[in-house]
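Morning, everyone. Let's walk through one model together. Please have a look at the screen.

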Amino acid sequence: MTFRFLLLILLFCPFAYAWIEEVDDCKVCRPIYNSTCRGVGVPSLKTSCATAKETGVEYTFGLLHQIFPHVPVNSCGTVITCPLRTSSTIKIENKEFPAPTLYHWCEETGKNTGKWYARFVHENVEITSVACKSIVRK
Ligand SMILES: *[C@@H]1O[C@H](CO)[C@@H](O)[C@H](O)[C@H]1NC(C)=O
């Protein structure tokens, strides 16, 4: 009970763990955050997205299962809270959708090894990328 409560605080309060630098507990799963993002406004507001670092993207093993039991226990996961003036988009079959998906997971073992999933419209969907895109689009 207390343990879960602490986990919730850690997950939903990025400031609480800001001192942890770029945790990456994934071994097989590759980072899901769009690595080509160069920062809000770079090169233009219209297409830009926050960098993984600005977004504070971290990958932790086994943690999400504690909070969302439907996430397989052997998963590496990331909780993404987008910085100000950005909002989350996910890519499904190479199409981008605005989606406040918040948490994403990838199994490190088993038949779905290396595939990333998000909960989208009450379903687990396979995703290929996540980015915090600039909201200002002119
Ligand atoms: C990453 O972001 C860039 C810039 O917004 C976009 O053009 C590209 O399609 C994205 N790539 C993926 C894999 O989402």
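**Two sheets and a ligand shell**

Start with one residue pair: serine 88 sits opposite cysteine 132, and that cysteine belongs to β8. Keep in mind that this is a predicted model.

Now the strands around that pair. β3 covers residues 86-92, and 6 bridges join β3 to β8. The two run antiparallel. Together with β4 they make an open sheet of 3 strands, in the order β4-β3-β8. The pairing there is antiparallel. At the edges stand β4, residues 95-98, and β8, residues 129-134. Each of these pairs on one side only. How far are neighbouring strands of this sheet turned against each other? By 35° on average, with direction ignored.

On to the other sheet. This one has 5 strands, again open, and the order is β1-β2-β5-β6-β7. Its pairing is antiparallel too. β1 and β7, residues 123-127, are the edge strands, each with a single partner strand, so one side of each has no neighbour in the sheet.

Let's cross that sheet strand by strand. β1 is residues 60-61, and β1 pairs with β2 over 2 bridges, antiparallel. Threonine 60 has glycine 77 of β2 as its bridge partner. From β2 we step to β5, residues 103-107, across 5 bridges. Those strands run antiparallel. Here threonine 78 is bridged to histidine 104 in β5. Next comes β6, residues 116-120, joined to β5 by 3 bridges and also antiparallel. Histidine 104 turns up again, this time opposite alanine 118 in β6.

Back to β2 for a moment. Is this strand buried or exposed? It spans residues 75-79, and 5 of the 5 are buried, so β2 is largely enclosed by the rest of the structure. Which residues point which way? Ser75, Gly77 and Val79 point one way, while Cys76 and Thr78 point the other way. All of them are buried. So glycine 77, the partner of threonine 60, and threonine 78, the partner of histidine 104, point opposite ways from β2.

Last stop, the ligand. Which residues are around it? Asn34, Thr36, Cys37, Thr47, Cys49, Lys91, Ser129 and Ala131. By class, that shell has 3 nonpolar, 4 polar and 1 charged residues. Two strands from our opening pair come back here. Lys91 is in the shell, and β3 runs over residues 86-92. Ser129 and Ala131 are in the shell as well, and β8 covers 129-134.

That's the tour. Over to you.

Technical notes
Residues are numbered from 1 along each chain as its sequence is written. This is a predicted model: local features need pLDDT of at least 70, side-chain atom pairs count only at pLDDT 80 or more; totals for chains, interfaces and linings use all residues. A residue is near a molecule or strand if its C-beta atom, placed from the backbone, lies within 6 Å of it. Ala, Val, Leu, Ile, Met, Phe, Trp, Tyr, Cys and Pro count as nonpolar, Asp, Glu, Lys and Arg as charged, and the others, Gly among them, as polar. A residue is buried if 20 or more other C-beta atoms lie within 10 Å of its own, exposed if 12 or fewer, and partly exposed in between; C-beta atoms are placed from the backbone. Helices (H or I, at least four residues) and strands (E, at least two) are DSSP runs, numbered from the N terminus. Two strands pair if DSSP finds at least two bridges between them. Axes are lines fitted to C-alpha atoms, for helices over the stretch in contact, and angles run from 0 to 180 degrees between N-to-C directions.
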